Amino acid sequence: METVRIALPRRQRRSLLLGLAVVTVALGSMALFVLPRAYANTTSSGAVATTVFTAIWLPSVFYVLNRSFGTTTLTPEGMRFSTAVSRRLVPWHEITRIEEEHRTGRGGASWWVIRAHLTRGRPVVLPGALCDGRQDERFLATLRTLHEYRASTARQR
């Protein structure tokens, strides 16, 4: 059985990166120039506000980059997850089910991810399997491919 690679299309990754860059520049400028002036006449400095702002922003950026630029490769042995900071192989016999999950952020933005439930431990979100807002045909095709690949590897054992 051939390997199947699941990743976001180049165009979607590029637009996500561009949007992230614009928001980062805007919020970074605010953190560097607006916040210090806003706190200039108080006892606490703008450095505290900038530090708190950065402590919230950086993990969010890391999450988005890790999920969108990561890949999942389906092999006869299992699913191989590759992200910016980790590589992991999960054998098929350790996966109990695969499902899509709808997530909503605080600002009202929503997205879909695909999770693999494991026999031990918490579910794993598949890198590269991400969809904004509504489920599109590509996302549903990815989900079907996962179910078909898992079913075919179960029959071969």
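Which strand is His 117 found in? I looked: strand 6, residues 110-118. Before going further I noted that this is a predicted model.

**Overall layout**

I started with the chain as a whole. I found three helices and seven strands, and from the N terminus on I read the order as β-α-α-β-β-β-β-β-β-α. I looked up the burial next: 33% of the 157 residues are buried. The chain exposes about 10,000 Å², and carbon and sulfur atoms supply 58% of that. For contacts between residues at least 6 apart in sequence, I noted that 48% join residues at least 24 apart.

**The four-strand sheet**

I took the sheets one by one. One is an open sheet of four strands in the order 1-2-3-4, paired antiparallel. Which strands stand at its edges? I found strand 1 (4-6) and strand 4 (87-91) there; each has a single partner strand, so one side of each is left without a neighbour in the sheet. From one strand to the next, the twist averages 20°.

I then checked how strand 3 (residues 78-82) meets strand 4: they pair in the antiparallel sense over five bridges. Opposite Met 79 I found Val 90 of strand 4. I kept Met 79 in mind for the core.

**The loop at Pro 76**

Pro 76 sits in the loop between strand 2 (71-74) and strand 3. Buried or exposed, or something in between? I wrote down partly exposed, because its relative accessible area is 34%, and the partly exposed class lies between 20% and 50%. I also looked at where Met 1 goes. It is 75 residues from Pro 76 along the chain, yet the two C-alpha atoms are separated by 6.5 Å. Leaving out neighbours within four places in sequence, Pro 76 is in contact with Met 1, Trp 92, Tyr 149 and Thr 153.

Tyr 149 turned up again when I looked at Ser 152, a residue of helix 3 (residues 137-156). The side chain of Ser 152 reaches the backbone oxygen of Tyr 149 at 2.9 Å. Ser 152 itself is buried, at a relative accessible area of 10%.

**The three-strand sheet**

The other open sheet I looked up has three strands in the order 5-6-7, again with antiparallel pairing. Strand 5 and strand 7 stand at the edges with a single partner strand each, so one side of each is left without a neighbour in the sheet. The twist here averages 20° from one strand to the next.

How many bridges join strand 5 to strand 6? I noted nine, with the two strands running antiparallel. Strand 6 and strand 7 also pair in the antiparallel sense, over five bridges. These two form a hairpin with five residues between them, and in the turn Gly 121 has a positive phi of about 95°.

I followed Arg 115 across the sheet. Glu 99 stands opposite Arg 115 on one pairing, and Val 125 in strand 7 is the bridge partner of Arg 115 on another.

Strand 7 (residues 124-132) made me look twice, being an edge strand. Eight of its nine residues are buried, so strand 7 is largely enclosed by the rest of the structure.

**Back to His 117**

I returned to the residue I began with. His 117 counts as buried because its relative accessibility is 11%, and the cut-off is under 20%. What does its side chain make a polar contact with? I found the side chain of Arg 115, at 3.3 Å. Beyond its neighbours within four places in sequence, His 117 is in contact with Glu 94, Ile 95, Thr 96, Arg 97, Glu 99 and Pro 123.

**The core**

Last, I looked up the largest nonpolar core, which has 20 residues. Which of them touch the most other members? My list reads Met 79, Ile 95, Ile 98, Ile 114, Leu 126 and Leu 146. At least two residues of this core come from each of strand 3, strand 5 (95-104), strand 6, strand 7 and helix 3. I set a general point beside that: in soluble globular proteins, nonpolar side chains tend to be buried together.

Met 79 was worth a closer look. Not counting residues up to four places away in sequence, Met 79 touches Ile 95, Ile 98, Leu 126 and Leu 146, among others. Thr 72, Arg 88 and Ala 116 are also among the residues it touches.

Note on methods
Residues numbered from 1 in each chain as written. Predicted model: local features only at pLDDT ≥ 70, side-chain atom pairs only at ≥ 80, totals over all residues. Heavy atoms only, no water. Buried < 20%, exposed > 50% of the residue type's maximum accessible area, 1.4 Å probe, protein only. Polar contact = N/O pair within 3.5 Å; in protein donor to acceptor, adjacent residues only side chain to side chain. Contact = heavy atoms within 4.5 Å. Areas by Shrake-Rupley, 256 points an atom, 1.4 Å probe, with all protein chains shown as cover. Pairing = 2+ DSSP bridges. Axes fitted to C-alpha atoms, helices over the stretch in contact; angles between N-to-C directions. Core = buried A, V, L, I, M, F, W, Y, C linked by side-chain atoms within 4.5 Å.
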